[in-house]
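Me: I am new to this structure and would like a close look at a single part of it. Please take one helix and explain with care how it sits among its neighbours.

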Amino acid sequence: MRNGRQPVDVNENQLFGKAREHWMDYSANKFNKGHMSEQEVAAFARESLSDGGKKLDMTSTFLREYGTKDLATFDFLKDLTVLELGSNLIGAKGAKYIATSKTLTNLATLNLFYNDIGNEGAKYI
């Protein structure tokens with residue numbers, strides 16, 4: 001007990017599970033069919049490039065696996081060395097798209113926090 005307050009017993013898995021459910025619902029409502037179109041992904045990626053086309057931060061952009069599949073094919077990302085994709089729920093398939101991309105071959109840094117890639121997705125990376 002600190003400052004006269006009782007510690008709060010929070011089940012972390014339950015808390016993050018509810019946050020994830022809300023995130024998924026918001027993601028599905030943000031774009032038609034729950035994901036961005038290829039044109040939307042390309043436009044957002046072009047706008048988000050920095051460091052002379054070597055860094056791309058698309059954290060929390062609701063890519064999901066379909067947007068990641070598109071992202072992995074864009075020729076204008078061939079010089080990319082840093083890719084930030086946290087909080088996009090790309091899943092194992094999204095991780096596979098990145099790992100097998102013929103375009104994203106120069107990556108030195110890849111951030112995939114909160115993407116639910118699981119053990120299957122980790123095998124590809």
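What follows is a close look at helix H3 and its surroundings.

Reply: This is a predicted model, in which local features need pLDDT of at least 70 and side-chain atom pairs count only at pLDDT 80 or more, while totals for chains, interfaces and linings use all residues. Residues are numbered from 1 along each chain as its sequence is written, and side-chain values use heavy atoms, with hydrogens and water left out.

To place the helix, it helps to begin with the chain. The protein chain has five helices and four strands, where helices (H or I, at least four residues) and strands (E, at least two) are DSSP runs numbered from the N terminus. Read from the N terminus on, these elements follow the order α-α-β-β-α-β-α-β-α. Of the 125 residues in the protein chain, 34% are buried, a word that here means under 20% relative accessible area, with exposed meaning over 50% and partly exposed in between (1.4 Å probe, protein chains only).

Helix H3 spans residues 64-71, and within this helix Gly67, Thr68, Asp70 and Leu71 are buried. These four residues lie on the same side of H3, because they cover an arc of only 160° around the axis, the arc being that of the directions from the helix axis to the C-beta atoms. In general, an α-helix has 3.6 residues a turn, so residues three or four places apart point the same way.

The buried residues of H3 pack against two helices and two strands, namely helix H2 (38-48), strand E2 (55-57), strand E3 (82-84) and helix H4 (91-99). Contact in this sense means heavy atoms within 4.5 Å.

The pairing with H4 can be described further. The axes of H3 and H4 are 8 Å apart and meet at an angle of about 5°, where axes are lines fitted to C-alpha atoms, for helices over the stretch in contact, and angles run from 0 to 180 degrees between N-to-C directions. H3 is therefore roughly parallel to H4, since angles under 35 degrees count as roughly parallel, over 145 as roughly antiparallel, 65 to 115 as roughly perpendicular and the rest as oblique. On the H3 side, the contact is made by Glu65, Thr68 and Lys69, and on the H4 side by Lys93, Gly94, Tyr97 and Ile98. Thr68 thus appears both among the buried residues of H3 and among the residues that make the contact with H4.
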